[in-house]
Each structure stands twice: as C-alpha cells, then as structure tokens.
Amino acid sequence: MTQESHWQTAVPCDVMRGGTSKGLVFLRDDLPADREVRDAVLLAAMGSPDEREIDGLGGAHPLTSKVAVVSRSMRDDADVDYLFLQVWPDRPEVSDSQNCGNMLAAVGPFAIEHDLVAPEGDVTAVRIWMENTDTLATAYVETPDGTVRYDGDARIDGVPGSHAPIPLEFADTAGSSCGALLPTGSVVDEIEGLRVTCIDNGMPVVCLAAVDLGLTGAESPADIEAMPDVLSRIEAVRLAAGPLMNLGDVSHATVPKMSLLSPPAAGGAVSTRTLIPHRVHEAIGVLGAVSVATACLLPGSVASEVAVVPEDDGPVDVTVEHPTGFFTVSLTVDRSAAVPAVRRAALLRTARLLMRGDVMVPPSVWSGS
C-alpha cells in the first residue's frame, strides 16, 4: 500500500526491462482505483509532460515510458491480469488503446516475484490475460530453486548482453483490437493514394511499401524522422485507416502502427521501419512483429510482395528485420482457406528486474492543483 513521507506519497513499484522496452510495473492494488487520479499518479511518476522527463523515472522516449499493471486473475484460464499503459513523454496522456508484448515479458517474472504465481520446477508457465485486447498469452519463466532466473544465454537484438530466455505464446490474437484479422475486409486497400495492407494479429498495423514513399527501406529512424513530408503523408494514411480498421478517430491514439516494408537485406523475410506512431521504432514491437509476419503469409498483401517466406504448412519461422537486428516469429498456419489462418504465434523475449522500491508522487497530484 502507499505511504506518505515528507509530504510526498510513496507508491511501490518495480522498474523492469521487458524485451526492448522499459517501464514501471505496479500491483493493481497499489494504484488509485479512480482512473483520472491513477493517470495523474503515473504522469508524475514518469515526469510527464516533459520531453526529457527530468522530474520522474521516464526515459524520455515512448519505449522507456511504459507501465504494466498486474493483479491476480479471477479467470479460470489465466493466472494474472495485465493492463498496459503508455505514458507519453511530451504530453499529459496515458493511453490504454494498445497492448505491449515487450513489457509482457516482464509480467511473468513480476508475478512470481510478488507471489501471484507459485514457481513450479525449473520453468514456470504464467498464463497472462491481456486486458487491453482481451487475449491470452503464456510466458515461460525459468525458476530454478524456486526463484526467478534473469541471467542466461538468450540474446535479443536491441538489448545488450544475454539473459534468461522467456518464450511467449499467443493464442487467438487475430482481430483482438479491430474485430478481424483483415479489418477492412480486403488484403489490399488504397488509402491516400497508397496501396496498404491493414492487419490485426494482436496489434493493428498498416503495412506500406517503403518504395511507394520514395524510400529504400534502409533509412535509419533518425533519417526518417528528419523527413517531414514523408511523416506527414504517413500520418494522413494512419488517420484515414483508423475508421476503416474499426478504430474510430485515431488522431490521439497510439494505433494503428505504421510499418514501412522492403525486401530483406540481411537474410530475413522482410525489412521494416515502424512508426509508433509518430516516432520511428529503433526495433519493432512484439505484437507489431506478429502482425507484420502474418501479413507476409497473406497472398497478394503488400508485405507478401517484398517478403521471402517459405510456403510450407505447419510452423513457419518469419524473421523480421528491423533497424537494430532481427525478430523471429514462429507461426502455426492453416492454409486450407483462401486467407491463411494463424493458429498460434510464439517468440522469444528476455526481461530483467532493474530496481524495486517506491516512486515518490508529489502532493499536488492528490490535491489536483
């Protein structure tokens, strides 16, 4: 529970890296039940709005200004519930409109560390209900001697060093945000004069060919962020795609993500540059990668036109290239229908507990001043 100290309020939390993201992880009962007050607490904890987030624990970037809220689940098919919240460094906004598969990797270890799930043997399966999208994931956490192991030999691009592997499995994520794998009903649409594939297999994504925007696909995130004309055109497509994808007005939303695709450059299946939605991701989000990988398997999609993927039935590994390396998604695919159906998605992440303690929240948050 929270405790007042020196006119500030101490709120227990863990600082954790999950995949290629970093944020604060809270027990639900340690945060205010009122959403408006909760969001004010989280903004203060991160130091937002301020692009540097100098007066809080945020890392001055959307990827390092994230929050996971975890609680024991009342569902028979889940151990814990996980709510993801994006805190924006540059504006006073806390969004629950998307999921985050990177911070998901931290939820399993957190649940075990906080006695929400009892360790079982060398590897503990933690069933996680993802509240943002009403879908289920399972994280496999190494627990030798009944404790969470963080060190190991697993490496993921975008994170230095090696750590204990945390395999993640997803089931029935198609249409979790938009209502259908192809929310527009088409494999390809034309929006704002550009051919796109709108897809949702856990994360709403608009796939575009980089070449259609005058890009090679090899540009760095900084290069793309320095192209206002390109960014403006991409944002116009995003705003128009929102209603078509059953997301409504997305002018203040974090979805859909926009992924610029090009042929693979380093032996993968496809090369990506992904906007989240206004900054260019240094890598690619977990569920965004699942959606892009799925698009690569859809005949006639914008992704399939540039991707190099096997056409075998059963499990297919799709390696997605991104600015800092690779992300391999294993998909179990049923190709018996005209549109292939993804039955299961699995991938590898790592996580690490960085710090445990209290974040101090100023008294002005509670008084509303």
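These are my notebook entries on strand β8 with its two partner strands, and on residue S48, in a predicted model.

Entry 1, strand β8. I began with the strand that spans residues 135-142 and looked up how far it is covered; six of the eight residues of β8 are buried, so I noted the strand as mostly covered, taking buried to mean under 20% relative accessible area.

Entry 2, the β7 side. I then turned to β7, residues 123-130, and found that β7 and β8 pair in the antiparallel sense, with eight bridges between them. To fix the register I looked up A125, whose bridge partner in β8 is Y140. Four residues lie between the strands in this hairpin, and there I noted that D134 takes a positive phi near 55°.

Entry 3, the β9 side. I followed β8 to strand β9, residues 166-171, which runs antiparallel to β8 and is joined to it by four bridges. Here I recorded that A137 stands opposite F170 of β9.

Entry 4, residue S48. I looked for S48 and located it in the loop between α1 (35-46) and β4 (66-72). Is S48 buried or exposed? Its relative accessibility is 10%, and because the cut-off for buried is under 20%, I entered S48 as buried.

Entry 5, surroundings of S48. Leaving aside residues up to four places away in sequence, I listed L43, E53, V87, W88, P89 and R91 as the residues that S48 touches. For R91 I also looked up the polar atoms, and found its backbone oxygen 3.2 Å from a polar atom of the S48 side chain.

Methods
Residues are numbered from 1 along each chain as its sequence is written. This is a predicted model: local features need pLDDT of at least 70, side-chain atom pairs count only at pLDDT 80 or more; totals for chains, interfaces and linings use all residues. Side-chain values use heavy atoms; hydrogens and water are left out. Buried means under 20% relative accessible area, exposed over 50%, partly exposed in between (1.4 Å probe, protein chains only). Two strands pair if DSSP finds at least two bridges between them. A polar contact is a pair of N or O atoms within 3.5 Å; within protein, one must be able to donate a hydrogen and the other to accept it, and residues adjacent in sequence count only if both atoms are side-chain atoms. Contact means heavy atoms within 4.5 Å.
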